Amino acid sequence: MIACAFFPIEEPQLHCKLEAYLQWLEIQAGKISGVKAFLLAGGYGRGEGGIFFPPDGSPPTLYNDLEFYVFAPALSQELVASWIHEGESRLGIEIEIKVMSAGQFEAASPSMFYYDLLSRHVLVAGERSWLDSLPKNLSDASAIPAVEGSRLLVNRGMSLLRCQRWAAGERKLPSGFCERIASKLKLALADSVLCASGRYHWSCTERDRRLPALKEVPPDWDALMLWHAEGVAFKFRPTDSGMAPAEWAEPLLLLRKAWLTTFLWIESKRLGQQMTNPAGYAKGSKPVFPEEPPLKNLIRQLRDLRRAAHLPFCWGDHPRSRIWKALCFLLEGSGEPEAAALLGVPALRGMNLEEHCRTLWKSYP
């Protein structure tokens, strides 16, 4: 493992704590055969990790979760859990370690995730030569398909559903959760447009620099650019305003409206047909995923009939299209019956329907 910067500013004590954990992981990985690469991804892996400075003047802490990816034969859950426990005990933040086979990575198609991962990361253990041998299109931003911008917004929209119920007083969330989700969405709104325009970049500061040069943009672009700059600032130096749930109602409404406008603009551009509201998107004449072979979709849905929760048949399209359409209705705020029909459930209300949507989304990423 080579020395690296985890943050955009110098913070020696936090740097040493994080580096010590990575060195410990390097030793643990060295005891296992077949590890092609053990990577630290996310903001800390790209040198853009956040540092939280408590308002009471106590020492700064790490803020974001740590995301690791291990490309190796299957590892025992107990082993991975022990690595996670050690890190969380040392660093005081959540840690996620995902194990993937080397073959799965070698056969992967271009995506925003693979591009970000390969463009900037920390190689904790493994073979740099193996990473260099991977298909070049995986680390080529221009190869990222336009649907990845929409997928990014769907991911953020699902988290926005949770904040929406919290603001209504119907669920509990950790302190600062909505602050973090709002910040991520402010970044994602403009980042998704960059992706749809073929101008995405792994660094959030570089993405922010590219925004004013875009020619084809969604409504309220100036506001989205300001939000993006706020998201970058929060990413590097996060805060917790301590706002009560009820105080979030108006900010979340603005974010929901911006999400819906931007998402439908991107989908209209991607699919080549104008859609300005959830109903128009739901009734669009073209498949949401035209790249997916219809026969493969049919086979997938027949297989999924065995699931406890599955979607109604979606002829000629991927079943996840129903989830994306339902999300539009749920974030719009007055389309619960339409969302319920798309998801194939009775007209559940409130958190139940939204949680059902999130559950299905996890099954059809």
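1. Start with F38: in this predicted model, the residue across from F38 is A125, over in β6. The two strands involved, β1 (residues 37-40) and β6, run antiparallel to each other and are joined by four bridges.

2. Zooming out from that pair, the sheet is an open one with four strands, and reading across it you get β5-β4-β1-β6. Pairing is mixed. On the outside sit β5 (95-100) and β6 (122-126), the edge strands, each with a pairing partner on one side only. Going from one strand to the next, the twist averages 20°.

3. Have a look at what sits against the sheet, too. Helix α3 (residues 77-91) packs on it and touches β1, β4 (66-71) and β5. The directions of α3 and β5 make an angle of about 155°.

4. Back to F38, this time for its ring. Over the whole structure, a search turns up 19 aromatic pairs. One of them joins F38 and F68: the ring centres are 5.7 Å apart and the planes sit at 85°, over the 60 degrees needed, so this counts as edge-to-face. F38 belongs to strand β1 and F68 to strand β4, so the pair ties together parts 30 residues apart in sequence. If you're checking the sheet by eye, F38 is a handy place to begin: A125 in β6 stands opposite, and the ring of F68 makes the edge-to-face pair.

5. Now for a pocket. Which elements supply at least two residues each to the lining of the second largest pocket? They include three helices: α8 (177-196), α10 (221-236) and α11 (249-271). The volume of this pocket comes to about 220 Å³.

6. The lining of that second largest pocket is made up of 14 residues, and the ones nearest the centre are E179, A182, K186, E230 and W248. Sorted by class, the lining has eight nonpolar residues, three polar and three charged. To find the spot on screen, I'd pick out E179, K186 and W248, which are among the residues nearest the pocket centre.

Key
Residues numbered from 1 in each chain as written. Predicted model: local features only at pLDDT ≥ 70, side-chain atom pairs only at ≥ 80, totals over all residues. Heavy atoms only, no water. Pairing = 2+ DSSP bridges. Axes fitted to C-alpha atoms, helices over the stretch in contact; angles between N-to-C directions. Contact = heavy atoms within 4.5 Å. 1 Å grid on protein atoms, 1.4 Å probe; cavity = no way out; pocket = protein on both sides within 12 Å on 5 of 7 lines; lining within 4 Å. Points joined across faces, edges and corners; volume = space filled by probe spheres on them. Nonpolar A, V, L, I, M, F, W, Y, C, P; charged D, E, K, R; others polar. Phe/Tyr/Trp six-rings, centres within 6.5 Å; stacked < 30°, edge-to-face > 60°.
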